[in-house]
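Here are my notes for you, since you are new to this one. Have a look at the sequence and the model first, then read on.

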Amino acid sequence: MTNLAPTSPSGARHPYSPVRATESGLVYISGQLGIADGDIVEGGTAHETRQALVNLRSKLASVGLELRHLVKITVYLASMDDRNAMDAIYQEALPEPLPARTCVAVAELPYRARVEFDAIAVRDGA
């Protein structure tokens, strides 16, 4: 795999957000938290989800892709009670057809976040 995007704190939207591509055209985007300007956005799960999607869109754009290229998203939730708030934003923000999705409850996320995304995209024609 090839690392395609900056992962240093100065070049990333948050401390870990690598973009890695395979020769077959798969692109892995990791660690999209609801962080803007170094801090978790305030306002709860819905606002964090929106910011995580903005960060995801930014990472996709850094390698010439868009949200429509997503084929799978893994959503990590600090509490499954937040699933409805996340889901409303997810369904509103992502283009049809929605990528496959897995929701996983975790004991804790970095920075006391409520939601985080990892994603897999595929380049056109791959």
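The points below go from the whole chain down to single residues.

1. First, a caution: this is a predicted model, so please read everything here as computed from a prediction. The protein has two helices and eight strands. Starting at the N terminus, the order is β-β-β-β-β-α-β-α-β-β.

2. Now some overall numbers. The protein has 126 residues, and 41% of them count as buried. About 6,500 Å² is exposed, with carbon and sulfur atoms supplying 49% of that. Take the contacts between residues at least 6 apart in sequence: 66% of these join residues at least 24 apart.

3. Have a look at strand 6 (residues 70-77) and strand 7 (residues 100-105). They run parallel and are joined by six bridges. To get from strand 6 to strand 7, the chain passes through helix 2 (residues 83-93), and this β-α-β crossover is right-handed. If you want a spot to find the pairing on screen, Leu77 stands opposite Ala105 in strand 7.

4. Next, the inside. The largest nonpolar core has 24 residues, and those touching the most other members are Leu56, Leu70 and Ile73. Several elements each give this core at least two residues: strand 2 (19-21), strand 3 (26-33), helix 1 (45-61), strand 6, helix 2 and strand 8 (115-122). As background, nonpolar side chains in soluble globular proteins tend to be buried together.

5. Ile73 deserves a click of its own. Setting aside neighbours within four places in sequence, Ile73 is in contact with a list of residues that includes Leu56, Tyr90, Leu94, Pro99 and Phe117. Polar or charged names turn up there too, among them Arg101, Thr102 and Asp118.

6. Which residues of helix 2 are buried? They are Met86, Asp87, Ile89 and Tyr90. The cover over the buried residues of helix 2 includes helix 1, strand 6, strand 7 and strand 8. Tyr90 is also one of the contacts of Ile73.

7. Last, Met80, in the loop between strand 6 and helix 2. Is Met80 buried or partly exposed? Met80 counts as partly exposed because its relative accessibility is 36%, and the partly exposed class runs between 20% and 50%. Leaving out residues up to four places away in sequence, Met80 touches Cys103, Val104 and Ala105. Val115 is 35 residues from Met80 along the chain, and their C-alpha atoms are separated by 9.9 Å.

Note on methods. Residues numbered from 1 in each chain as written. Predicted model: local features only at pLDDT ≥ 70, side-chain atom pairs only at ≥ 80, totals over all residues. Heavy atoms only, no water. Helix = DSSP H or I, 4+ residues; strand = E, 2+ residues; numbered from the N terminus. Buried < 20%, exposed > 50% of the residue type's maximum accessible area, 1.4 Å probe, protein only. Contact = heavy atoms within 4.5 Å. Areas by Shrake-Rupley, 256 points an atom, 1.4 Å probe, with all protein chains shown as cover. Pairing = 2+ DSSP bridges. Right-handed = clockwise from strand over helix to strand, strands pointing away. Core = buried A, V, L, I, M, F, W, Y, C linked by side-chain atoms within 4.5 Å.
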